[in-house]
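Visitor: I should like to understand how the labels attached to a model are justified. Please set each value against its criterion.

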Amino acid sequence: MGTDGARSRIPQLRLDELLEELQARIDAARGTRDRVHSLLEAVLSVGRELDLTQVLRRIVEAAALLVDARYAALGVIGPDGETLSDFLTVGLSPEEIAKIGPYPTGRGLLGELIRNPEPLRLEELSEHPASYGCPAHHPVMRTFLGVPVRVRDEVFGNLYLTDRRSGEEFDADDESVIATLAVAAGVAIDNARLYEEAQRQQRWLSASAEITRSLLSGSSRSEVTELIARRAQEITGARLADVSVPVPGTDTVRVELALGGDTAARQGLVVPLDGTLSGEASAQGSPATTVDLAGDPRLSGGPRRFEGLGPAVAVPLGRTEGPGEGVLLLAREAGEPAFTEREIGPLLGFADQAALALELAERRRDAEQLVLLEDRDRIARDLHDLAIQRLFATGMTLQSAARFIEHPGASDRVLRAVGDLDDTIKIIRSTIFGLRAREERGGQGLRARAVRTVERAQAVLGFPLRLSMDGLLDTDVPAEVAEHVVAVLGEALSNAARHAKANRVEVALHATGQRVVLTVQDNGVGVPEQGRRSGLRNLAERAHGLGGAFEVISPTEGGTRLTWSAPVV
């Protein structure tokens with residue numbers, strides 16, 4: 001009986017074993033089904049986003065959820081292909097991240113996947129030859145799973161996962177699931193990139209259309225230049241934007257427009273072509289880039305005015321060999337992403353369109369100038385052929401009529417009127433000469449020469465000068481006096497550069513009708529009691545030789561004020 005009972009229990013035990021095995025397989029199938037559902041949900045969740053930052057965040061969160069990892073991270077490979085430019089984490093609180101310190105840059109085990117972009121699964125990450133250990137305050141991590149994320153044929157970054165919450169090791173199924181998610185992530189990243197690029201391209205096109213409308217509406221060149229710089233600054237997220245133009249006849253460029261940052265220190269600044277990013281782009285006629293504008297050893301020219309700035313790009317406005325219309329410089333804060341080819345490409349197209357816009361504005365200005373000169377010539381011709389002849393004829397008539405006037409007082413009045421008419425004719429002839437001389441001399445007048453002298457001095461001083469001019473400098477000041485004015489201005493600015501130790505210089509040039517007055521004032525150390533004064537004596541001799549005056553004083557607020565004047569009549 002006992003034997004028969006034992007025999008009857010054996011099939012029952014086998015049946016129980018089969019049922020347990022069946023239940024285990026059913027549970028495994030359910031687990032696989034649930035994991036597949038979770039994977040599909042993760043893929044859909046990642047694919048729904050179009051903002052690149054949100055896509056990356058969703059990828060990390062989905063990866064940690066799918067394999068039940070305690071910690072997960074996504075490292076984005078930088079433009080150099082060797083280090084990480086961005087690092088997104090899951091599982092660490094902001095306080096823990098602050099204690100750990102800066103994010104990793106791709107050395108050690110994290111760099112292993114950069115060098116060998118293949119899945120990597122470890123039972124003990126500290127035993128891997130590339131593991132350098134963890135920094136202070138970093139949580140202890142044991143198991144590891146790393147999978148590269150590819151976007152088309154490019155390795156975009158790597159997914160890093162450590163320590164399952166269950167305490168188990170990562171297995172082949174986990175690796176397969178994360179590898180599948182990485183494929184979907186690559187597609188989502190590519191879509192987000194394309195969307196971002198399309199949005200950026202749309203903004204460039206809108207900016208180009210805005211510039212064209214501004215030109216057609218009659219805006220000045222300076223207004224168009226500011227619009228170009230401002231839109232480029234906004235679209236690229238740059239902290240500052242400068243537009244520099246070549247200084248004719250020199251190896252320098254002048255900052256014509258400065259936006260963002262310390263504009264007062266950059267506006268009007270003249271810097272050499274050699275040793276500056278804008279100069280390099282202007283000289284080569286092609287874009288020039290750097291990842292550290294403030295500390296790049298190549299950029300040694302000019303004063304250090306870019307502290308706190310990092311990535312920068314200088315794009316010529318019109319890609320031609322040698323200096324063109326100018327250069328657009330864009331710079332971001334230190335630590336922000338570098339300018340990539342994806343950004344520089346549309347920026348080049350925008351710069352070309354901007355160069356055409358500036359050329360159109362220049363041509364329109366030339367046409368307006370030509371119309372103005374033609375109008376001046378017509379006025380001068382009419383004054384000569386009509387006004388002067390009629391005044392002359394009237395004077396002759398009055399002069400002949402004076403002989404028949406018997407009253408002495410009336411005769412004297414007529415003769416004085418004749419003299420006044422003669423003086424009026426002389427004034428009109430002087431005006432005619434001024435109208436035509438301005439056309440012939442072009443940039444040879446005192447006003448243009450003073451501007452060029454100040455621009456040359458700015459390259460030496462290292463900061464922009466304040467220049468104000470008024471009066472008829474080009475017509476009332478004789479050529480001989482103008483030569484002395486230019487020489488005195490050059491000597492005064494040279495003295496300020498060599499001895500003043502100033503950071504502000506103001507120049508004022510005025511023609512009052514009787515005298516021309518030049519004032520140069522700085523906020524430097526003043527005129528030393530003991531020192532060479534041969535230069536100042538030369539300036540005084542120039543003034544006295546023309547019957548003028550020269551004075552050098554130290555104002556109560558400090559610095560030096562030089563005043564030089566000479567008669568113009």
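Guide: The following exchange takes up confidence, aromatic rings, a helix and a sheet in turn.

Guide: This is a predicted model, in which local features need pLDDT of at least 70 and side-chain atom pairs count only at pLDDT 80 or more, while totals for chains, interfaces and linings use all residues. Residues are numbered from 1 along each chain as its sequence is written, and side-chain values use heavy atoms, with hydrogens and water left out.

Visitor: Where in the protein chain is confidence lowest, and where is it highest?

Guide: Confidence is expressed as pLDDT, the predictor's confidence in each residue, from 0 to 100. Helix α1 (residues 2-48) is lowest, with a mean of 58, and strand β16 (residues 560-567) is highest, at 92. The chain averages 78, and 81% of the residues score at least 70.

Visitor: Why is the pair of Phe144 and Tyr160 called tilted?

Guide: Rings of Phe, Tyr and Trp (its six-membered ring) pair if their centres lie within 6.5 Å; planes under 30 degrees apart count as stacked, over 60 as edge-to-face and the rest as tilted. The ring centres of Phe144 and Tyr160 are 6.3 Å apart and the planes stand at 35°, so the pair is tilted. Together with Phe87, these two residues form one aromatic cluster.

Visitor: What makes Phe144 buried, and why does Leu194 count as partly exposed?

Guide: Buried means under 20% relative accessible area, exposed over 50%, and partly exposed in between (1.4 Å probe, protein chains only). Phe144 has 2% relative accessibility and therefore counts as buried. Tyr160, with a relative accessible area of 4%, is buried. Leu194, at 40%, counts as partly exposed.

Visitor: How do you know that the length of helix α13 agrees with its number of residues?

Guide: Helices (H or I, at least four residues) and strands (E, at least two) are DSSP runs, numbered from the N terminus. The expected span is 1.5 Å times one less than the number of residues. For the 22 residues of α13 (residues 479-500) this gives 32 Å, and the end C-alpha atoms lie 30 Å apart, which agrees.

Visitor: Why are β12 and β15 said to stand at the edges of their sheet?

Guide: Two strands pair if DSSP finds at least two bridges between them. The open sheet has the order β12-β13-β14-β16-β15, with mixed pairing. β12 (466-470) and β15 (549-553) each have a single partner strand, so one side of each is left without a neighbour in the sheet. β15 pairs with β16 in the antiparallel sense over five bridges.
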